[in-house]
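Biologist: Please show the structure, so that its charged and aromatic side chains may be discussed in turn.

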Amino acid sequence: MKTTTRLSRWHSFIYAVSLAAVMFACVDDDVPVFNNGYIEAYVPIYSLDESTEVEITEAQEFINPGKIYKYADYIFISEASRGFHIIDNSTPSSPVKSGFFNIPKNNNIAVKDNVVYADSGFDLLAIKIMSDGSLDVRRSVGMFDIGVTGDLPPLPGFYFECVDDEKGTVIGWEKQTILDPQCYY
């Protein structure tokens, strides 16, 4: 019986050491080190203006172009957190910038049956361009409010400049090279 007890204790010891080794092997090596000098990180884009006005304005220069959409004879190119460029592509060999669709806090659009569906912060917009050029805007408030705040950059695994609420509301993020970022997501 004593041999069995010693053997059981030995097995228990080996099991405990193995379990500890496995647990320490699971330590996350992706924990960031701060004060790295200049590195690529996300920087918040702030707005003090809480305007939610949607309008079509004259064509604008590209600043931070994103996704491209084609609908009928038009090409739409998103402009991060601002809206999208309208390009008349009825003559594909010479497309023309014809306007800018200003939609505050916008990042995505879709078009179906002459209705533009767009996000504007946490809201979903359905925008129909009327025959007289006016806009019929229907806003569904809070459709995208799933508890995620604008206080985090769009992708995890990056350093970022910590949000300062005194600078306004975060309406977007852009990558920049900054000195010693103090936040990580």
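Modeller: Asp136 and Arg138 form a salt bridge, a term for a side-chain nitrogen of Lys or Arg within 4 Å of a carboxyl oxygen of Asp or Glu. This is a predicted model, in which local features need pLDDT of at least 70, side-chain atom pairs count only at pLDDT 80 or more, and totals for chains, interfaces and linings use all residues. Residues are numbered from 1 along each chain as its sequence is written, and side-chain values use heavy atoms, with hydrogens and water left out.

Biologist: How far apart are the closest N and O atoms of Asp136 and Arg138?

Modeller: The two residues form a salt bridge, and the distance is taken between their closest N and O atoms. That distance is 3.1 Å.

Biologist: Is Arg138 buried or exposed?

Modeller: Buried means under 20% relative accessible area, exposed over 50%, and partly exposed in between (1.4 Å probe, protein chains only). Its partner Asp136 has 25% and is therefore partly exposed. Arg138 has a relative accessibility of 54%, so Arg138 counts as exposed.

Biologist: Which residue forms a salt bridge with Arg139, and how many residues apart are the parts that the pair ties together?

Modeller: The partner of Arg139 is Asp123, with the closest N and O atoms 2.9 Å apart. Strands are DSSP runs (E, at least two residues), numbered from the N terminus. Because Arg139 lies in strand S10 and Asp123 in strand S9 (residues 123-129), the pair ties together parts whose separation in sequence is 16 residues.

Biologist: Why does Asp123 count as buried?

Modeller: Arg139 has a relative accessible area of 28% and is partly exposed. Asp123, in contrast, counts as buried because its relative accessibility is 13%.

Biologist: What is the relative accessible area of Glu79?

Modeller: Glu79 forms a salt bridge with Arg82, and their closest N and O atoms are 3.8 Å apart. Arg82 is partly exposed at 24%. Glu79 is buried, with a relative accessible area of 1%.

Biologist: How many aromatic pairs does the structure hold?

Modeller: Rings of Phe, Tyr and Trp (its six-membered ring) pair if their centres lie within 6.5 Å; planes under 30 degrees apart count as stacked, over 60 as edge-to-face and the rest as tilted. The number of such pairs in the structure is six.

Biologist: What is the angle between the planes of Tyr42 and Phe158?

Modeller: This aromatic pair is edge-to-face, with 5.3 Å from centre to centre and an angle of 80° between the planes. The pair links distant parts of the chain, 116 residues apart: Tyr42 is in strand S1 (residues 38-47), and Phe158 is in the loop between strand S10 (135-140) and S11. Tyr42 counts as buried at 7% relative accessibility, whereas Phe158 counts as partly exposed at 22%. The angle asked for is 80°.

Biologist: Which residue forms an aromatic pair with Tyr159?

Modeller: The pair is edge-to-face, 5.2 Å from centre to centre and with 70° between the planes. Tyr159 lies in strand S11 and its partner in strand S13 (residues 183-184), so parts 25 residues apart in sequence are tied together. Tyr159 is buried at 15%, while its partner counts as partly exposed at 32%. That partner is Tyr184.

Biologist: Which residues form one aromatic cluster?

Modeller: The cluster holds both Tyr and Phe residues. Its members are Tyr74, Phe76, Phe84 and Phe101.

Conventions. Helices (H or I, at least four residues) and strands (E, at least two) are DSSP runs, numbered from the N terminus.
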